[in-house]
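Work through the following exercises with the coordinates open, taking each solution one step at a time. Keep in mind that the model is a predicted one.

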Amino acid sequence: MAHTVVGVYDNYSQAQEALNELTNNGFSIEHVNLSPVQDTREAREEALRSHRSEDEGITGSIAGFFRSLFGSPEHEQHADKYSEAIRRGSYLLTVHADSDAESERATEIMNRHEPFDVDERASQWQSQGWSEYQASAPVMSDAEIAQERSRYASSGMESGTQARMPDMTPDQIQGATSSMKADQMRDTDIRTGGSTEGKTAIPVIQEELQVGKRVVQRGGVRVYQHVTEQPVQEQVQLREEHVSVNRRPVDQPATDASLANMKDASFEVREMAEEPVIAKTARVVEEVVVGKDVKERTETVSDSVRRSDVEIEQLGNEIRARTEGTTGMTLDDSDFRTHWQSNYAASGGRYEDYAPAYQYGSRLANDERYRTRGWNDVEPNVQQDWESNNAGHPWERVKDAVRYGWEKVSH
């Protein structure tokens with residue numbers, strides 16, 4: 001039994017790829033049709049004009065094309081949707097399959113190239129005021145098509161499954177602070193002097209990524225079944241009878257039997273003939289089982305979550321730099337900050353991003369391997385050591401800070 005398989009695509013390249021795969025898998029190019037044939041507005045206008053039936057004229061609708069395509073008037077309700085899809089920049093791919101097996105194979109191939117559900121799309125149009133296809137309506141421009149596709153994408157994003165924690169207002173932060181456990185409160189105590197009376201609890205807030213899942217339609221392919229007729233011929237042997245009457249002269253004496261038959265009489269000889277009798281019986285020769293194959297896959301969902309951290313800076317004129325292999329020495333942090341302000345502040349970033357480089361340089365100045373050597377002599381080794389342990393901080397960006405820390409301690 002013949003079928004027509006129809007798929008609608010938003011992307012011309014996807015429709016063309018589906019057509020190519022169909023022809024590469026044994027489907028005749030005569031049975032595969034892509035409309036419009038090119039990715040241009042002119043091609044869409046030409047496709048809609050060519051789909052109009054001849055008796056409807058140039059101002060008529062294109063429903064006649066779909067009636068001829070799908071084989072019966074019962075599918076007319078789909079004609080408006082397919083026509084409107086073409087007007088809005090989509091592409092209609094049809095395949096005429098000669099059997100159920102071919103229909104299933106065409107459906108599988110076309111689905112691999114992501115057709116959309118025209119009924120679902122029509123519901124979106126109807127929500128925007130569309131009711132039916134109008135032949136007088138102009139074909140959408142490329143800009144209008146891009147704007148409409150953007151609305152589809154925005155709608156999908158708004159209904160996503162990822163849940164994010166909203167930004168907290170000051171009142172919400174205060175509420176979160178008051179609900180923390182006692183041990184959490186102790187961890188964030190900021191003590192003033194030696195007194196324990198004044199305490200301020202600063203909450204550390206961290207977002208958590210929650211990933212759910214929902215069922216969505218990914219498009220599909222509609223299969224139309226219609227009946228076709230084709231002439232057939234069979235040969236049969238027929239028998240016919242024909243009565244023949246022959247008169248022949250005879251000259252012989254009449255017998256008693258002949259004399260006894262001399263009376264009025266009649267008899268019949270019937271002609272018989274055979275004629276063909278046509279009968280048709282229907283048999284189920286194949287079943288099409290429609291079902292779904294369910295597969296599960298694992299998908300990695302990537303996003304970002306925020307966390308608030310609390311940094312504590314000691315106030316005063318000096319800091320103590322703890323160095324490996326030394327008892328430490330007192331350095332003027334404000335001197336490092338002054339150097340950072342002069343050399344790095346204008347390019348952006350924070351002092352805290354460069355503080356590790358200053359401290360790294362000051363530690364190297366007390367290292368036994370480098371203590372008696374000059375900067376130019378040790379710089380290649382220092383650079384190699386820095387890059388192997390600080391991949392996220394390029395050497396060219398921080399080398400002046402390392403050198404300044406080195407010179408601050410060694411001089």
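**Exercise 1.** Determine which residues of α1 are buried, and which elements they pack against.

*Solution.* Begin by applying the cut-off for burial, which is under 20% relative accessible area; the residues of α1 that satisfy it are Y12, Q14, A15, A18, L19, E21 and L22. In general, an α-helix has 3.6 residues a turn, so residues three or four places apart point the same way. Next, follow the contacts of these buried residues, which pack against β1 (3–9), β2 (32–35), β3 (91–97) and α5. Finally, check the helix itself: α1 spans residues 12–24, and its 13 residues reach 18 Å from the first C-alpha to the last, close to the 18 Å expected at 1.5 Å a residue. After α1 comes G26, whose phi is positive, near 100°.

**Exercise 2.** Place H113 in the fold, decide whether H113 is buried or exposed, and identify its side-chain partner.

*Solution.* First locate H113, which lies in the loop between α5 (100–111) and α6 (118–127). Its relative accessible area is 12%, so H113 is buried. Then list the residues that H113 touches, leaving aside those up to four places away in sequence: Y9, Q14, E17, A18 and E21. With E21, the side chain of H113 forms a polar contact of 2.6 Å.

**Exercise 3.** Classify V269 as buried or exposed, and name the patch residues around it.

*Solution.* V269 sits in the loop between α10 (256–260) and β7 (319–321). Because its relative accessible area is 56%, V269 is exposed. Together with V243, V245 and F267, V269 makes a nonpolar surface patch of about 470 Å².

Definitions and conventions: Residues numbered from 1 in each chain as written. Predicted model: local features only at pLDDT ≥ 70, side-chain atom pairs only at ≥ 80, totals over all residues. Heavy atoms only, no water. Helix = DSSP H or I, 4+ residues; strand = E, 2+ residues; numbered from the N terminus. Buried < 20%, exposed > 50% of the residue type's maximum accessible area, 1.4 Å probe, protein only. Polar contact = N/O pair within 3.5 Å; in protein donor to acceptor, adjacent residues only side chain to side chain. Contact = heavy atoms within 4.5 Å. Patch = residues over 30% accessible without salt bridge, like charges linked within 9 Å, V, L, I, M, F, W, Y side chains within 5 Å. Areas by Shrake-Rupley, 256 points an atom, 1.4 Å probe, with all protein chains shown as cover. Salt bridge = Lys/Arg side-chain N within 4 Å of Asp/Glu carboxyl O. Expected span 1.5 Å × (residues − 1).
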